[in-house]
Amino acid sequence: MKIEELEAERTWLAFDPMRQLRPHLTSTGFVRLVNEIQRPEGYRLVASWDGEFGRVVAALGFRQVTSLAAGRHLAIDDLTTLLAARGRGHATRLLAWADREARRLGCEHIHLDADTHRHEAHRLALRAGYSISAFHLTRRV
């Protein structure tokens, strides 16, 4: 298992795991959205490689954010693992990588959003020391 940050020219490597979390995206659309819109806004992408699969099987996308409520923190927007590679520690290691990066950047917290129906993600985050501290409310406009 190898964890590494992906630069723009390698964004495409994270598409397979991201497709499971964001099925509405095409590979071209994913790369374009990440590289042309999200990266300029501070989005970064980290991948977990699995030697048995020979490719990226998990990905974490995040931004460094400063808010009045939380101060400087990492906001994890995306965390996903291919179904066939779940249970091998990829997401746990990606969260550990994010923790080290947050400390390096001087962040006070890490925030992780997980849809209400993603119970496995909730269990993973709780085991990793996260707590449910707020409700994230949305409204379509």
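The following conversation concerns helix H3 and the largest pocket of a predicted model.

Visitor: What should I know before we start?
Guide: This is a predicted model, in which local features need pLDDT of at least 70, side-chain atom pairs count only at pLDDT 80 or more, and totals for chains, interfaces and linings use all residues. Residues are numbered from 1 along each chain as its sequence is written, and side-chain values use heavy atoms, without hydrogens and water.

Visitor: Which residues of H3 are buried?
Guide: In H3, a DSSP run (helices are H or I, at least four residues; strands are E, at least two), the buried residues are His90, Ala91, Leu94, Leu95, Trp97, Ala98, Glu101, Ala102 and Leu105. Buried means under 20% relative accessible area, exposed over 50%, and partly exposed in between, with a 1.4 Å probe and protein chains only.

Visitor: Where do they sit around the axis of H3?
Guide: They are on the same side of H3, because they cover an arc of only 155 degrees around the axis. The arc is taken from the directions from the helix axis to the C-beta atoms.

Visitor: What is on the other side of H3?
Guide: Arg100, Arg103 and Arg104 are exposed there.

Visitor: And what covers the buried residues of H3?
Guide: The cover includes strand S1 (2-6), strand S2 (44-50), S3, S4, S5 and H4, where contact means heavy atoms within 4.5 Å.

Visitor: Which residue just after H3 has a positive phi?
Guide: Glycine 106 does, at about 75 degrees.
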